[in-house]
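Biologist: Could you take me through one part of this model up close, and then show me what else is worth looking at? I'm new to this, so plain words please.

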Amino acid sequence: MKNKKFNTLLPIVAFLFTFLSCTTLDEEVLDESLTGTGQAEVVSGSIAPVYGLLRQVWMHTVNFGLQEVASDEGILPYRGGTDWFDGGKFIAVHQHLMTPTNGLVGDAWTYITLTLSRAVLAEERLQIEVESGNSSAQDALYEMVAMKAYLNMLALDNWGLVFRKDNSDEISEILRGQDAIEYLEEELLSVVNVINGDKGPGRMNKHAVNALLARLYLNAAVYRDPYGTPDFRSEDMDKVIQYTSSIIDGPYSLSPEYFELFNDDNDTNQEIIFSLDQRGVLQTEHSRWAYWSISGDQIPRPEFPSTRGTDAVAATPDFFQTWVDAYGDVDPADADARFFQENTMIPEDLKDLTGVTPNNDADHYYCVEATEFEINRGILRDVIWGPRKDESGNIMTCGDGTVRIYPIINRRSSGADIRYVDHTLKVDFTNEGSLHNAGYRFSKYQFSHTATNCCSNSSVDLVLIRLGEIYLMRAEAKLRKGDNAGALADINTLRTSRNARPAQTPAALEAIDLDILFRESGFELYWEGFRRNYQIRFGKYEDSWTEKTDADVHKRLFPIPQKAMDGASSEAGFLVQNQGY
């Protein structure tokens, strides 16, 4: 399809959608320097707003939630008939019944396009600086070119389109299909050999660009024909192997302890290639990936007694079943270090709760230093433990000042039958399946010890590109070219590298096919916003799972929000609604 040009600027479209939307989108004023010095220096003042707004793109109720809830990985029911209905946006997205007025889809569009607009303006400012002789602006300019491509790839994944725009006074162009692929390829290739290669993971660098090129070629078959059966071209797979191999042969290494990838100090983890930097001036309001799924009765850090989880997204029984199918009679917690990490060390004599209830458990606790308490990580099941408050709202302590750790009481949807929080496998849109305790929970990110508040703020960087994904991409490209042995070697390298806890180190696989590789991608990348993308590429997105039966291929793309369509209506042909909406 020939793409149509228009003479309304992309920032205006984003502006119209933001201020006509029924959703309030408050934007914080950021320090204009990545160094935190407060100096209005042109280079950092240009790029900081782009990196800063990226955290809004990846908020739990923006693009992250959109990816998780649309997939077979996560489900968010109307909790107890009181929480998380939000106009039905999460339920509709999960069932693939969303419309152009869906708020979750709309907020993702808004923040992706706003951040993209910032990147365009930053690129323009930096180009002027370069032309005026400011040599320090050159590498920042390359970063913004790469960031534009990254943001456009998010738009391409979600809506099947990209915005081609280099300067604020130019006519913009919407590209789809092969045109979009070629534009992104051109942009990334223009910087891959010149962009800085040794910046930390909080900045776009050479290795991140290599990863984006690999993602582009791996998904090219879907981008060309989003509603058909993907045709994975050999030459695309060769390029995936080329760019992933460049990264694998580079300075990164797989983390032996899987959950250290998501710890307080993960800014130094050697597996992470690109992340959302949450330290320094950007350490604001983003612990949502940590607490969104956690029980609302769980106090994750005793030092902050007012904080808690929100009882939102749970793992679908279908996603849990993939672990059961892989390990059979062996509990996945005993077979795979990526599934679970035990941090709440309950004494053996307290583990048996037979006959113990919230009404008779006054002495059923153990003591631990507040700063040493950690909730378990991975997939949380059954009864959970943690701090408890007294009638005055203070954390209950032992005689030596340490914190009492009890089975956690379910106060949010237990009614008159007071009981413990017991996360059940069953979670759906029925009354029972929507209770606050229903569903196993994702607990991948550590609750920060170093942030000013562990739940509103976080010092844990949000991982956006890492070496584990790179191995998965190379294995997939090899497998699609018929190199089963090479694909198996890559997957086994990835599995057996998680060996910090030898008893839970995943064993090497004996064979591999596309279904097993898809399953492995779920084990490695869950709760990181990848599942929908993988389901589409592997032909799984039209399958049925908990509370989802829609099989319309047009739902692979989300609708363009109605507010965006209305805002651009004066420019004929600017936005054309996606098929099926």
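Modeller: Let's start with the open sheet of 3 strands, whose order is β8-β12-β11 with antiparallel pairing. At its edges sit β8 (366-368) and β11 (385-387), each of which pairs on one side only. If you ignore direction, neighbouring strands of this sheet are turned by 40 degrees against each other on average. Keep in mind that you're looking at a predicted model.

Now zoom in on β8 and β12 (residues 403-407): 3 bridges join these two antiparallel strands. One spot to click on is Cys367, because its bridge partner in β12 is Arg404. As a general point, side chains in a regular strand alternate between the two faces of the sheet.

Next, another strand pair. β5 and β17 run antiparallel and are joined by 4 bridges. Here Ser275 stands opposite Val463 in β17. How much of strand β17 (residues 462-466) is buried? The strand is mostly covered, with 5 of its 5 residues buried.

β5 (272-276) also takes us to helix α9, since β5 is part of what covers the buried residues of α9, and so are α7 (177-189), α8 (206-224) and α13 (467-480). Helix α9 itself covers residues 234-248, so 15 residues, and reaches 21 Å from its first C-alpha to its last, close to the 21 Å expected at 1.5 Å a residue. Among its buried residues are Asp236, Met237, Val240, Ile241 and Tyr243, and further along Thr244, Ser245, Ile247 and Ile248. In general, an α-helix has 3.6 residues a turn, so residues three or four places apart point the same way.

Then there's the largest nonpolar core, with 166 residues. The ones with the most contacts inside this core are Leu54, Trp58, Tyr150, Trp159, Met204 and Phe274. Helix α6 (residues 137-159) gives the largest share of the core, 16 residues. Try picking Tyr150: setting aside residues up to four places away in sequence, Tyr150 touches Leu54, Trp58, Met204, Leu212, Arg215, Phe274 and Leu464.

One last stop is Ser521, which you'll find in helix α15 (residues 514-525). Why does Ser521 count as buried? Its relative accessibility is 4%, and buried means under 20%. Leaving out neighbours within four places in sequence, Ser521 is in contact with Leu472, Tyr526, Arg531 and Tyr534.

Notes: Residues are numbered from 1 along each chain as its sequence is written. This is a predicted model: local features need pLDDT of at least 70, side-chain atom pairs count only at pLDDT 80 or more; totals for chains, interfaces and linings use all residues. Side-chain values use heavy atoms; hydrogens and water are left out. Buried means under 20% relative accessible area, exposed over 50%, partly exposed in between (1.4 Å probe, protein chains only). Contact means heavy atoms within 4.5 Å. Axes are lines fitted to C-alpha atoms, for helices over the stretch in contact, and angles run from 0 to 180 degrees between N-to-C directions. A nonpolar core is a set of buried Ala, Val, Leu, Ile, Met, Phe, Trp, Tyr and Cys residues joined through side-chain atoms within 4.5 Å.
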